[in-house]
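Colleague: Before I use this structure at the bench, I would like to go through the terms used to describe it. Could you take me through them one at a time?

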Amino acid sequence: MSPRATVGMPVYNGEKYLPAALDSVREQDEADLEIVISDNASTDATEEICRAAAAEDDRIRYVRLPENRGGRFNFNHVLSLATAPYFTWAAADDVRRPAFVRRCLEVFAESDPATVLVYPRTQIMDAGGIVTEDLNDADLACDEPTPHERMGHFLRAQAAHLFYGLHRTDALRRTRGIRPTVGNDLVILAELACQGPFQLVPEQLFLQRRHSEQFSQQGQAQVAWHAPSASVRFAFPHTKVSVELARGVLASDVPATEKARALATIPVAWTIPRWRGPAADVWAALGLEPRSRRR
């Protein structure tokens, strides 16, 4: 029987949190599931953890890359390996409650057939797995009738975590994939919003871990996540988010008038409110630290 959903786990040196993340995927109560792990040439115990899990669970397909090709490649690679009609990325430090996949599939079945993404409500946990915050996301369905309204909704909320919901695989493959920029999760959400509405599962089924070692806490060094040998100083990563959001809209298959509305939404909902990121890019290019950090 073909699986109904693929959980794709891209990982690099994830030994610290990988066991809990992988266990939470294996404990999903949806029976028709495939689990694909793409290991970006880890040098810690990641390989041993994954091979042991694969030996116990025939739903797991473990693929190890011969060299570290960067996080962007690995996220796109694990999507390319998926065989199911629905797909979710699983970071190697987050946790999903057992009903995550099943409930998302149920909401897909109940929703407008044009729906491209379903996600549950989210809680934040710390490095030790203790829940520290309930996100204020009860009204974050992003099910508005037009792309620019959907984009404005999640951009103003800075709701990048929606990226880890359950997607229609074919909708994801119609996007440009993970882009080489900080904020790539928001960029791909914008491209999905140009295809159709999103829906929210009302239960809190996703636990996103926040800790000092995660990608989003690395500042300008996030550039190395995409390509380990890339130059950081002149990368302008935050500035490129707005550029890639605009390129995603322009690449979408929506009428010209709606493209114009979506393009106009980007500076209002994202670029201007987040001006400190581009400012940090300029300071980095000048070889200086931001003033706030120097103070």
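Modeller: Helices and strands here are DSSP runs, numbered from the N terminus, where a helix is a run of H or I of at least four residues and a strand a run of E of at least two. On that basis the chain has 12 helices and nine strands, and because arginine 102 and glutamate 106 are four residues apart in helix α4 (residues 100–110), they are separated by about one helical turn. This is a predicted model, in which local features need pLDDT of at least 70 and side-chain atom pairs count only at pLDDT 80 or more, while totals for chains, interfaces and linings use all residues. Residues are numbered from 1 along each chain as its sequence is written, and side-chain values use heavy atoms, with hydrogens and water left out.

Colleague: What makes arginine 102 and glutamate 106 a salt bridge?

Modeller: A salt bridge requires a side-chain nitrogen of Lys or Arg within 4 Å of a carboxyl oxygen of Asp or Glu. The N to O distance for arginine 102 and glutamate 106 is 3.2 Å, so the pair meets the rule. By this rule the count comes to 20 salt bridges. Another of them joins the side chains of arginine 4 and glutamate 30 at 3.4 Å; arginine 4 lies in the segment before β1 and glutamate 30 in the loop between α1 and β2, so this pair ties together parts that are 26 residues apart in sequence.

Colleague: Why is glutamate 30 called buried?

Modeller: Buried means under 20% relative accessible area, exposed means over 50%, and partly exposed lies in between (1.4 Å probe, protein chains only). Glutamate 30 has a relative accessible area of 8% and is therefore buried, whereas arginine 4, at 37%, counts as partly exposed. Of the 295 residues of the chain, 53% count as buried.

Colleague: How do you know that the side chain of glutamate 30 reaches the backbone nitrogen of aspartate 32?

Modeller: A polar contact is a pair of N or O atoms within 3.5 Å; within protein, one must be able to donate a hydrogen and the other to accept it, and residues adjacent in sequence count only if both atoms are side-chain atoms. The side chain of glutamate 30 comes to 3.1 Å from that backbone nitrogen, so the distance lies within the limit.

Colleague: Why does lysine 259 have no salt bridge?

Modeller: Lys and Arg count as positive and Asp and Glu as negative, while His and the chain ends are not counted. For lysine 259, which is in helix α10 (residues 256–271), the nearest side chain of opposite charge is aspartate 253, 6.5 Å away, so the pair falls outside the salt-bridge rule. Lysine 259 is nevertheless buried, and its side chain reaches the backbone oxygen of serine 252 at 3.1 Å.

Colleague: What makes β6 and β7 a pair of strands?

Modeller: Two strands pair if DSSP finds at least two bridges between them. Three bridges join β6 (residues 117–125) to β7 (residues 131–134), so the condition is met. The two strands run antiparallel, and the bridge partner of isoleucine 124 in β7 is glutamate 133. They form a hairpin with five residues between them, and glycine 129 in the turn has a positive phi of about 85°.

Colleague: What makes helix α7 mostly covered?

Modeller: Nine of the 10 residues of α7 (residues 184–193) are buried, among them Leu186, Ile188 and Glu191.
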